[in-house]
Amino acid sequence: MKENEVNTLVEKGEMLPLMEEFYTIQGEGFHKGTAAYFIRVGGCDVGCHWCDVKESWNPKLHPPTAVNTIVENAMRSSKNKTVVITGGEPLTWNMEPLTNGLKEEGAKIHIETSGAYPLSGTWDWICLSPKKIKLPTEEIYQKADELKIIIFNKHDFIFAEEQAAKVNGNCILYLQPEWSNREKMMPLIVDYVMDNPKWKVSLQTHKYLNIP
Ligand code: SF4
């Protein structure tokens, strides 16, 4: 296929820069412990300095892959049809074709997003993880099922409250230590959650378990 044809399909969301895909256990947030097929889509220009998937940022490094192929792979490998779309920032792209394809197969579809770009696609679960340097669009706050704030420093507790004030009343609130700073921030998170029990602690248990 010619390069301009591929670019057109990527712009439409019919092909996506696929960084990796794997069947594992969701390690963090509300669905922690649940088997899920992860689809990591390349492309993100949010630029968090502590990002642990910086390899995902440049979409050109990841092969444009037809969504039909991604759906087939997911359905072949996943035993419970639970799929997590992550990145990178998946909402860089039009998620309609991928989520439509997965829905036709009866999948439960979760997204992990910073919310920095307009919401596209059909979702059973939206995990919103806002980033200070590129805030979420207004529309996604009311649709988020889970708010996950990464705590890197003390100011992030203030940011967490600002973000919690914007989500809907049923949204579950998590504070999660940034991995490289976890030993310093974890005691502060524990104290904060005990003082403010509307929050829960989220840990990246997959990193403790040494699974993807
Ligand atoms: S939004 Fe996510 S993928 Fe993008 S830079 Fe931040 S942590 Fe990394």
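Here are some short exercises with worked solutions on this predicted model.

**Exercise 1. The ligand and its shell**

Find the residues that surround the ligand, and work out how the shell divides into nonpolar, polar and charged residues.

*Solution.*
- Step 1: Open the model at the ligand, which sits in the largest pocket.
- Step 2: List the surrounding residues: C44, V46, G47, C48, W50, C51, W57, G88 and K131.
- Step 3: Sort them by type. Glycine counts as polar here, while Cys and Trp count as nonpolar.
- Step 4: The shell then divides into six nonpolar, two polar and one charged.

**Exercise 2. A shell residue with an unusual peptide bond**

Locate G88 in the fold and say whether the peptide bond from G87 to G88 is cis or trans.

*Solution.*
- Step 1: Look in the loop between β4 and α3, where G88 is placed.
- Step 2: Read omega for the bond from G87 to G88; the value is near 15°, and the bond is cis.
- Step 3: Set that beside the general rule that most peptide bonds are trans.
- Step 4: Recall the ligand, too, since G88 is one of the residues that surround it.

**Exercise 3. Following the parallel strands**

Walk from β4 to β8 and state how many bridges join each pair of strands along the way.

*Solution.*
- Step 1: Begin with β4 (residues 82-86), which runs parallel to β5 and is joined to it by four bridges. Within this pair, T82 of β4 faces K108 of β5.
- Step 2: Move on to β6 (residues 125-128), which pairs with β5 in the parallel sense, again over four bridges. E112 has C127 in β6 as its bridge partner.
- Step 3: Continue to β7 (residues 146-151), which is parallel to β6 and joined to it by two bridges. Here C127 stands opposite E146, and L128 stands opposite L147.
- Step 4: Finish at β8 (residues 172-177), joined to β7 by six bridges and also parallel. In this pair I149 stands opposite L175 of β8.

**Exercise 4. Buried strands and their two faces**

Decide how well covered β5 and β7 are, then assign the side chains of β6 and β7 to their directions.

*Solution.*
- Step 1: Apply the cut-off: a residue is buried when its relative accessible area is under 20%.
- Step 2: For β5 (residues 108-113), five of the six residues are buried, so this strand is largely enclosed by the rest of the structure.
- Step 3: For β7, six of its six residues are buried, and the strand is mostly covered.
- Step 4: Keep the general pattern in mind: side chains alternate between the two faces of the sheet in a regular strand.
- Step 5: In β6, W125 and C127 point one way while I126 and L128 point the other, and all are buried.
- Step 6: In β7, one direction is taken by E146, K148 and I150 and the other by L147, I149 and I151, and all are buried.

**Exercise 5. Crossovers through helices**

What is the handedness of the β-α-β units built on β4 and β5, and on β7 and β8?

*Solution.*
- Step 1: Trace from β4 through helix α3 (residues 96-104) to β5; this unit is right-handed.
- Step 2: Trace from β7 through α5 to β8; this unit is right-handed as well.
- Step 3: Pick out H155 in helix α5 (residues 155-164). H155 is partly exposed, with a relative accessible area of 39%.
- Step 4: Check its distance to P64, which is 91 residues away along the chain: the two C-alpha atoms are separated by 38 Å.

**Exercise 6. Positive phi outside glycine**

Describe where K81 and N210 lie, and state whether each is buried, partly exposed or exposed.

*Solution.*
- Step 1: Start from the rule that most residues other than glycine have a negative phi.
- Step 2: K81, not a glycine, has a positive phi of about 55°. K81 is in the loop between α2 (67-77) and β4, and its relative accessible area of 35% makes it partly exposed.
- Step 3: N210 has a positive phi too, near 60°. N210 lies in the segment after α7 (205-209) and is exposed, with a relative accessible area of 72%.

Notes: Residues are numbered from 1 along each chain as its sequence is written. This is a predicted model: local features need pLDDT of at least 70, side-chain atom pairs count only at pLDDT 80 or more; totals for chains, interfaces and linings use all residues. Side-chain values use heavy atoms; hydrogens and water are left out. A residue is near a molecule or strand if one of its heavy atoms lies within 4 Å of it. On a 1 Å grid over the protein atoms alone, a cavity is a set of points where a 1.4 Å probe fits but cannot get out, and a pocket is an open set with protein on both sides within 12 Å along at least five of seven lines; lining residues have an atom within 4 Å of a point. A molecule sits in a cavity or pocket if more than half of its atoms lie within 2 Å of its grid points. Buried means under 20% relative accessible area, exposed over 50%, partly exposed in between (1.4 Å probe, protein chains only). Two strands pair if DSSP finds at least two bridges between them. A crossover is right-handed if, with the strands pointing away from the viewer, the path from the first strand over the helix to the second runs clockwise.
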